[in-house]
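This report introduces a protein model to a reader who has not met it before. It begins with a surface position and then turns to the bound ligand.

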Amino acid sequence: MKVAVFVNQQKPIGDISKVIHQQVAERGFTLDNDNPDVVIFVGGDGTFLRAVHHYLPILNSVKFIGVGAGHLGFFYDFNPNEIDQLFSLLKEGKLKSTRHHLLEGKITSESGVDKIYAVNEIRLENPFHTLVTDVKIDGETLETYRGNGLVVSSSLGSSAYNKSLGGALIDHSLDLLELTEIATIQNNINRSLGASLIVSGDSHLSFTGNFKEALVGYDNEVVHQGDVLCLEVCRSDKIVTLLHSPDYRYIKSLRRSFIK
Ligand code: NAP
Ligand code: MN
């Protein structure tokens with residue numbers, strides 16, 4: 001088995017890479033950061049996002065395992081002092097795997113079409129002026145939205161920006177998309193849903209309007225394209241596989257991150 005180590009460079013946790021490298025050698029695995037079967041990411045949720053984007057071209061043949069040191073974090077199950085146990089479970093094939101579609105965004109602008117992929121969410125935001133956009137779901141018009149912007153979140157991303165905006169948390173085992181509003185204008189003339197909307201994972205959302213100064217953001221990235229004409233968001237064929245400890249439960253990660 002080929003193993004890669006992906007470390008949060010801003011907040012390194014001790015000499016954990018060394019410990020992992022030792023285990024890789026002792027267990028008869030190979031270290032391969034370019035073409036791994038398994039990526040061990042060391043850090044929080046942001047580190048997981050960066051690891052997924054790093055391995056995007058080979059995503060469907062890679063599995064991710066997380067090691068974290070904090071009280072916060074949805075995507076890691078092991079502490080730095082559990083590396084030995086992690087490798088035993090990996091060797092014995094006892095880790096539990098879960099699979100999650102990424103989001104895919106298609107940005108149509110005057111200069112052409114761009115594709116983006118996201119673990120958490122794709123955002124359409126205008127921090128300068130009111131964003132006005134027609135919102136369609138599966139070709140059916142929902143509304144003309146006016147406000148600061150809209151976020152399309154995956155189940156994995158529901159606990160991130162989406163949660164701060166008052167969106168619902170979605171169990172990671174559910175394949176759903178959530179559309180959430182940012183500082184919406186609501187008055188006698190302008191009306192939009194005014195609630196977070198959860199739709200089926202195979203839905204196709206489209207946003208069209210005058211996006212002169214709008215930003216399209218995805219995970220920890222932003223693309224500023226002054227001439228965006230349309231943003232379409234749907235589920236991607238790209239799938240991220242997470243390996244969990246056998247006692248992993250979604251509710252446990254909720255408690256660890258938000259309750260205690
Ligand atoms: P960051 O600015 O360090 O992230 C902001 C916080 O969101 C961090 O505490 C991060 O955890 C946490 N986070 C990331 N993904 C999460 C998830 N799926 N569930 C729960 N918490 C999550 O930037 P980053 O680490 O690169 O993460 C990018 C994400 O930050 C974006 O996708 C967006 O969802 C989120 N964000 C949130 C707000 C907001 O809530 N107002 C604003 C901007 C961005 P770690 O500390 O473990 O990395
Ligand atoms: Mn972060």
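In this predicted model, Leu169 lies in the loop that runs between helix H4 (161-164) and strand E10 (176-184). Leu169 has a relative accessible area of 36% and is therefore partly exposed, since that class covers values from 20% to 50%. Together with Phe258 and Ile259, Leu169 forms a nonpolar surface patch whose accessible area amounts to about 290 Å².

Lys260 belongs to the segment after helix H5 (250-259). Its relative accessibility is 71%, so Lys260 counts as exposed. Between the C-alpha atoms of Lys260 and Leu31 there is a separation of 36 Å, and the two residues are 229 apart along the chain.

The remainder of the report concerns the ligand. Ligand 1 is surrounded by 17 residues, of which Asp45, Gly46, Glu121, Ser159 and Ser164 come nearest. Three of these residues have polar atoms at the following distances from ligand 1.

| Residue | Polar atom of the residue | Atom of ligand 1 | Distance |
|---|---|---|---|
| Asp45 | backbone | oxygen | 2.9 Å |
| Ser159 | side chain | nitrogen | 2.6 Å |
| Ser164 | side chain | oxygen | 2.5 Å |

Taken alone, ligand 1 exposes 810 Å², and the protein buries 66% of that area. Helix H2 (45-54) and helix H4 are the elements that each give two or more residues to the shell around the ligand. The most comes from H2, with 4 residues. By character, the shell around ligand 1 comprises 7 nonpolar, 6 polar and 4 charged residues.

Note on methods
Residues numbered from 1 in each chain as written. Chains lettered and ligands numbered in written order. Predicted model: local features only at pLDDT ≥ 70, side-chain atom pairs only at ≥ 80, totals over all residues. Heavy atoms only, no water. Patch = residues over 30% accessible without salt bridge, like charges linked within 9 Å, V, L, I, M, F, W, Y side chains within 5 Å. Areas by Shrake-Rupley, 256 points an atom, 1.4 Å probe, with all protein chains shown as cover. Salt bridge = Lys/Arg side-chain N within 4 Å of Asp/Glu carboxyl O. Buried < 20%, exposed > 50% of the residue type's maximum accessible area, 1.4 Å probe, protein only. Near = heavy atom within 4 Å. Polar contact = N/O pair within 3.5 Å; in protein donor to acceptor, adjacent residues only side chain to side chain. Nonpolar A, V, L, I, M, F, W, Y, C, P; charged D, E, K, R; others polar.
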